[in-house]
Amino acid sequence: MNEPSTVHTRELDAAPQADPRRWVALSLILLPTLLISLNNYMMQVALPLMQTSVHASFAEAQLIFSGYSVGLAVALILGGKLGDIYGRRRMLMIGVLGFTCMCLFAGLVSDPTLLIIIRIIQGLSAAMIQPQVLSILQSGFHQSEKGLVFAIYGAVIGIGFTLGLILGGFLVDWNLFGLGWRIVFFFNVPFGLLVLMGLPIVPESRGHANQGIDWIGLALVMPGLLSLIYPLTIGQKQGWPIWTWGCLLLSVLLLLVFVLTQKRREETGRTPLMELSIFKIGSFRIGIITEVVVYSSMFTFFLHIKLLFAGGTAFRS
């Protein structure tokens with residue numbers, strides 16, 4: 001392959017037909033992104049109260065919070081591929097439906113194990129949502145409009161970050177109808193239903209016609225990511241037993257084999273699960289490194305600072 005991600009670039013840069021409803025559709029497309037962002041940051045505020053209410057241990061509280069990230073990381077690549085094959089609007093609808101239902105169920109249960117499972121399914125649903133949002137934004141607007149569109153997308157994420165912490169604290173403190181922490185989940189349900197009702201106005205789009213799912217790559221990357229994320233989530237609390245190191249070693253091996261198989265598929269002209277040639281683009285590499293550093297440090301800090309302050313171990317009002 002002489003030029004990185006040639007087929008992918010041609011597809012994304014193709015000029016879309018002007019749709020007069022595209023700016024109205026933009027608000028519907030971005031609303032799930034806002035809801036996901038709000039839910040995660042509101043969760044950080046509500047987590048200490050949730051932990052006390054459902055009698056969850058610290059390890060269970062960690063999994064309630066990070067279960068979403070586990071589900072998202074494991075299925076994100078698959079979500080993008082499914083959107084390319086079966087339709088981005090369709091997969092977006094499935095993702096929003098799953099996320100909305102899990103918000104409803106999370107507000108109804110009181111068992112830590114069920115909350116962990118629900119949060120993992122929320123992450124899986126978000127993995128169906130996020131790739132579709134970016135792909136629809138890329139394929140649904142003219143090249144001259146994309147700068148503004150992605151600026152709005154970035155602003156929505158920033159609003160979710162800022163508003164989520166404030167709104168989460170307000171909702172939990174307000175304790176509407178005595179719901180306590182449950183309101184941070186119920187809050188998303190009506191907005192999810194609104195998105196589902198409005199999605200039919202979003203034009204359907206797909207990737208290039210000869211795409212298929214690389215099942216071997218999928219069987220390598222999903223357990224590889226799971227073997228990496230799960231022990232990192234609970235290893236410290238359990239004192240890093242031997243099985244956590246075994247999982248980490250297994251993840252390295254699985255992900256290394258995945259990289260080699262994807263590279264081989266590209267070299268032989270078959271469609272890979274992930275086009276590794278995109279990493280040859282310098283700006284993409286810098287962006288990935290920046291994202292990893294920012295989000296890994298930010299989410300870790302927020303989780304522990306909220307638990308510290310809410311528990312009163314260092315500061316008391």
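## Helix packing and a nonpolar core

Where H5 meets H6, Val133, Leu134, Leu137 and Gln138 of H5 touch Lys146, Val149, Phe150 and Tyr153 of H6. Contact means heavy atoms within 4.5 Å. Helices are DSSP runs (H or I, at least four residues), numbered from the N terminus.

The model is predicted: local features need pLDDT of at least 70, side-chain atom pairs count only at pLDDT 80 or more, and totals for chains, interfaces and linings use all residues. Residues are numbered from 1 along each chain as its sequence is written, and side-chain values use heavy atoms, without hydrogens and water.

**Exercise 1. Describe how H5 and H6 pack, and sort their contact residues by class.**

Step 1. Two packed helices are described by the angle between their axes and the distance between the axes.

Step 2. Take H5 (residues 112-139) and H6 (residues 143-174). Their axes come within 10 Å and cross at roughly 155 degrees. Axes are lines fitted to C-alpha atoms, for helices over the stretch in contact; angles run from 0 to 180 degrees between N-to-C directions.

Step 3. That angle makes H5 roughly antiparallel to H6 (the term covers angles over 145 degrees).

Step 4. Sort the contact residues of H5 and H6: six are nonpolar, one is polar and one is charged. Here Ala, Val, Leu, Ile, Met, Phe, Trp, Tyr, Cys and Pro count as nonpolar, Asp, Glu, Lys and Arg as charged, and the others, Gly among them, as polar.

**Exercise 2. Do the same for H4 and H8.**

Step 1. H4 (residues 88-106) and H8 (residues 188-198) pack at about 160 degrees, their axes 9 Å apart.

Step 2. So H4 is roughly antiparallel to H8.

Step 3. List the contact. H4 gives Met93, Val96, Leu97, Thr100, Cys103 and Leu104; H8 gives Asn188, Val189, Gly192, Leu193, Val195 and Leu196.

Step 4. Sort these residues of H4 and H8: nine nonpolar, three polar, no charged.

**Exercise 3. Place Val149 and find its contacts.**

Step 1. Val149 lies in H6.

Step 2. Val149 has a relative accessible area of 0%, so Val149 is buried (under 20% relative accessible area, with a 1.4 Å probe and protein chains only).

Step 3. Set aside neighbours within four places in sequence. Val149 then contacts Trp23, Leu26, Leu137 and Phe141.

Step 4. Check Leu26. Val149 and Leu26 are 123 residues apart in sequence, yet 8.3 Å apart in space, C-alpha to C-alpha.

**Exercise 4. Which residues does Met50 touch, not counting residues up to four places away in sequence?**

Met50 touches Met43, Ile64, Leu115, Trp181 and Phe185.

Methods
Helices (H or I, at least four residues) and strands (E, at least two) are DSSP runs, numbered from the N terminus. Angles under 35 degrees count as roughly parallel, over 145 as roughly antiparallel, 65 to 115 as roughly perpendicular and the rest as oblique. Buried means under 20% relative accessible area, exposed over 50%, partly exposed in between (1.4 Å probe, protein chains only).
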